[in-house]
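Today I went looking for aromatic rings that sit together. Here are my notes, in the order I looked things up.

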Amino acid sequence: MIENSYQNLFKLPELKRKIFITLALLFVYRVGIHVPTPGVNGAALASFFASAEGTLFSMFNMFSGGALERLSIFALGIMPYISASIILELMTVVVPHLEQLKKEGDAGRKKKTQYTRYGTVVLSIIQGLGISVGLESMTSPAGIAIVPYAGWGFRLVTIITLTAGTSFIMWLGEQITERGIGNGISLIIFAGIVARMPSAMGNTVRLMTTGEMGVFAIIILVVLMVVVISAIIYMEQAQRRIPVHYAKRVVGRKMYGGQTSHLPLKINTAGVIPPIFASSIIMFPTTLAQFINLPLMKTVAAMFSPGTIWYYLLYIGFIIFFCFFYTAVQFNPEDVAENMKKNGGYIPGIRPGKRTAEYIDRVLTRITVGGALYVSAVCVLPTFLMSKFNIPFYFGGTALLIVVGVAIDTISQIESHLITGNYDGFLGRSGTKRIKGRS
């Protein structure tokens, strides 16, 4: 059945065109990863990153698909765009104009997208300046200067190059979303993370051939990977469905309402934002210790390095906090309750209006506890495996959440195209019936 589903991908001309455009644009992105920024000693930079594991540099390098360690034209990756989007979402709470844009439909969404683009360029300029100044003071472990010819000439070239690279990546993501399949920004991050998997697999094979990892350990690792990925797929699709009834009402000569629906609340409403924020904060002392040669900074960095009890406690605490914080920013129970009331909807046994908002908030709080603990467990898993069992690659965490989430979203979009074209999807015809029955 799955073989037939893959064959069906190329029977729909529109779907085939979208897949081809997506792959072509992702190929352009991966080619750009290998185009270096002028004025940098590549060998010295590579050796510096080899010694900077467990810092913000390693995390940003992961999201950029390895572009940062090469300081390519795409070194900033798509992180400025993500940061601008998050900042704009957080500002919605305190800026009435942005709050109003959320209620203006498609026109408001286009304005917010435009603001995000402006914010991306501003953040890229700031980060480009910071990277250029920081690189001028860095040396490799052997003492070789990363930037042989420092000065404002190098800084201006770096700022312009990195800002243009991020703007081009942003354009690629928007083109994939509009003309291809899936969410373009997410797929670009997905491509960067997945591109590093072959080297991790090759390293594992090398350790097995040299006898550093036994066959039994590899089998346990594979089983663990399957279990973790299955758990993530289940939790990312898990929902708490609140039943909603709509009262009958007559408008002119037609009768509306009288039907039953549901309000789906995701277990993990915040997505991958909490671990990104938590990782950035907890890695900050380690990153500062690379530049500030003080005993206190070294002590703090060692205290919060991966594998210590303080690292686990602080990391989990930050993840839980940001899960609740970002869920509160993304989902407003009062707005949902008000919209239900305007459309004649009500939750059985709950009075419309304020009581409904309180009930939704209570349910959302309970499931967010479970979602926060689930995200914490997935994110702590890789550091635990690497510190206790010497696993040779980073398995789990934010990267795995992104990969699985993007894969689920992309497959769902392909599935909808196949079903619309009356072809078997990846779930088969029985899966199609189940989807139709839920709608």
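Before anything else, I settled what counts as a helix: a DSSP run of H or I with at least four residues, numbered from the N terminus. I also kept in mind that this is a predicted model.

Entry 1. With that in hand, I looked at helix α9, where Phe-168 and Trp-171 both lie, three residues apart, about one turn of the helix. I found that Phe-168 and Trp-171 form a stacked aromatic pair, at 5.8 Å centre to centre and with 25° between the planes.

Entry 2. I then asked how many aromatic pairs the structure holds. I counted six aromatic pairs. One that caught my eye joins Phe-74 and Phe-168: the ring centres are 6.0 Å apart and the planes are at 15°, so I call this pair stacked, being under 30 degrees.

Entry 3. Next I checked where these two partners sit. Phe-74 is in the loop between α5 (67-70) and α6 (79-91), while Phe-168 belongs to helix α9 (residues 152-179), so the pair ties together parts that are 94 residues apart in sequence.

Entry 4. Buried or partly exposed? I noted Phe-74 as buried, because its relative accessibility is 2% and the cut-off is under 20%. Phe-168 is partly exposed at 33% relative accessible area, and Trp-171 is partly exposed at 42%.

Entry 5. Stepping back, I saw that ring pairs link Tyr-29, Phe-74, Phe-168 and Trp-171 into a cluster.

Entry 6. One last look, at a charge and a ring: the charged end of Arg-155 sits over the ring of Trp-152, 4.7 Å from the ring's centre.

Definitions and conventions. Residues numbered from 1 in each chain as written. Predicted model: local features only at pLDDT ≥ 70, side-chain atom pairs only at ≥ 80, totals over all residues. Heavy atoms only, no water. Phe/Tyr/Trp six-rings, centres within 6.5 Å; stacked < 30°, edge-to-face > 60°. Helix = DSSP H or I, 4+ residues; strand = E, 2+ residues; numbered from the N terminus. Buried < 20%, exposed > 50% of the residue type's maximum accessible area, 1.4 Å probe, protein only. Lys NZ or Arg CZ within 6 Å of the ring centre and 35° of its normal.
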